[in-house]
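Pull the model up in your viewer and keep the sequence alongside. We'll take a short walk through a couple of spots.

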Amino acid sequence: MPSREIISNQTGCHDGLAACVQKHLATPFLKPPSDHTKAAFETMQEAIPPGTPLIFDSGCGTGDSTRRLSRLYPECFVVGVDRSLSRLSRIRDKTDPDNMVLIRADLIDLYGLMTAQGTKLERHFIFYPNPYPKAAHLKRRWHGTPVFPAMLALGGKIELRSNWEIYVREFAMALTIAGRKAHVSELQKSEDYASLFEKKYALSGQTLWQVTSAL
């Protein structure tokens, strides 16, 4: 079944984006983490081999993208995180690689815990986050949340993909405001899809976008 394109009442980057990002950059993130995310953080720390470069797959869904990344970067340890136990529990035929783990956690809480602990990432992938396409929902997009500065404090090369160009351009703008360089481009067609979502969007004929940012 073809995937529907995103419909929004925005025609460009949100007028309030700059003020929103600047406010969060100037304000410490103080939200207390949930107990289940604190437990997930401990599980993650126990799973990561000491001294191994760390890759994060935020919002990994069923974990297919995490498995792909673990094979692309065998020298790294890949952590896939999603808040849905149902998605994470879906059985796959292949055995998971040894250099990965899937955990259920609230990413907003987890980013705060990781930043407080001084965790640093080699790479950070965010594939097809919920776009929250209504203009009124800017603060639900990653670059509009109070945890955006904590996300950036984790370091590493960031790559975000979306089938909504505005989301990608807003994320790039937010990165620039925060003092990081950002490059936006159309994702080149490939049979090596990051996830089933990406495959569905591509086969529906949608244009896919990415923003990358290296330190």
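What follows looks at one glutamine and then at a pair of helices. Keep in mind that this is a predicted model.

Let's begin with Gln-10, which you'll find in the segment before helix H1, the helix spanning 17–25. Is Gln-10 buried or exposed? Its relative accessibility comes out at 9%, and buried means under 20%, so Gln-10 counts as buried.

Now see what the side chain of Gln-10 is up to. One polar contact goes to the side chain of Arg-141, at 2.8 Å. A polar atom of the Gln-10 side chain also lies 2.9 Å from the backbone oxygen of Gly-12. Leaving out residues up to four places away in sequence, Gln-10 touches Pro-133, Lys-134 and Ala-135, along with Arg-141, Ile-166 and Glu-170.

Next, swing over to helix H2 (residues 35–47) and helix H5 (residues 107–117). How do H2 and H5 lie to each other? Their axes come within 9 Å and cross at roughly 55°. That angle is neither under 35 degrees nor in the 65 to 115 range, and H2 and H5 are therefore oblique to each other. As for handedness, H2 passes H5 in a right-handed crossing.

Which residues meet there? H2 brings Thr-37, Lys-38, Phe-41, Met-44 and Gln-45, while H5 brings Asp-109, Leu-110, Leu-113, Met-114 and Gln-117. Sorted by character, the residues of this contact of H2 with H5 come out as five nonpolar, three polar and two charged.

Notes:
Residues numbered from 1 in each chain as written. Predicted model: local features only at pLDDT ≥ 70, side-chain atom pairs only at ≥ 80, totals over all residues. Heavy atoms only, no water. Helix = DSSP H or I, 4+ residues; strand = E, 2+ residues; numbered from the N terminus. Buried < 20%, exposed > 50% of the residue type's maximum accessible area, 1.4 Å probe, protein only. Polar contact = N/O pair within 3.5 Å; in protein donor to acceptor, adjacent residues only side chain to side chain. Contact = heavy atoms within 4.5 Å. Axes fitted to C-alpha atoms, helices over the stretch in contact; angles between N-to-C directions. Parallel < 35°, antiparallel > 145°, perpendicular 65-115°, else oblique. Left-handed = near helix turned anticlockwise from the far one by under 90°. Nonpolar A, V, L, I, M, F, W, Y, C, P; charged D, E, K, R; others polar.
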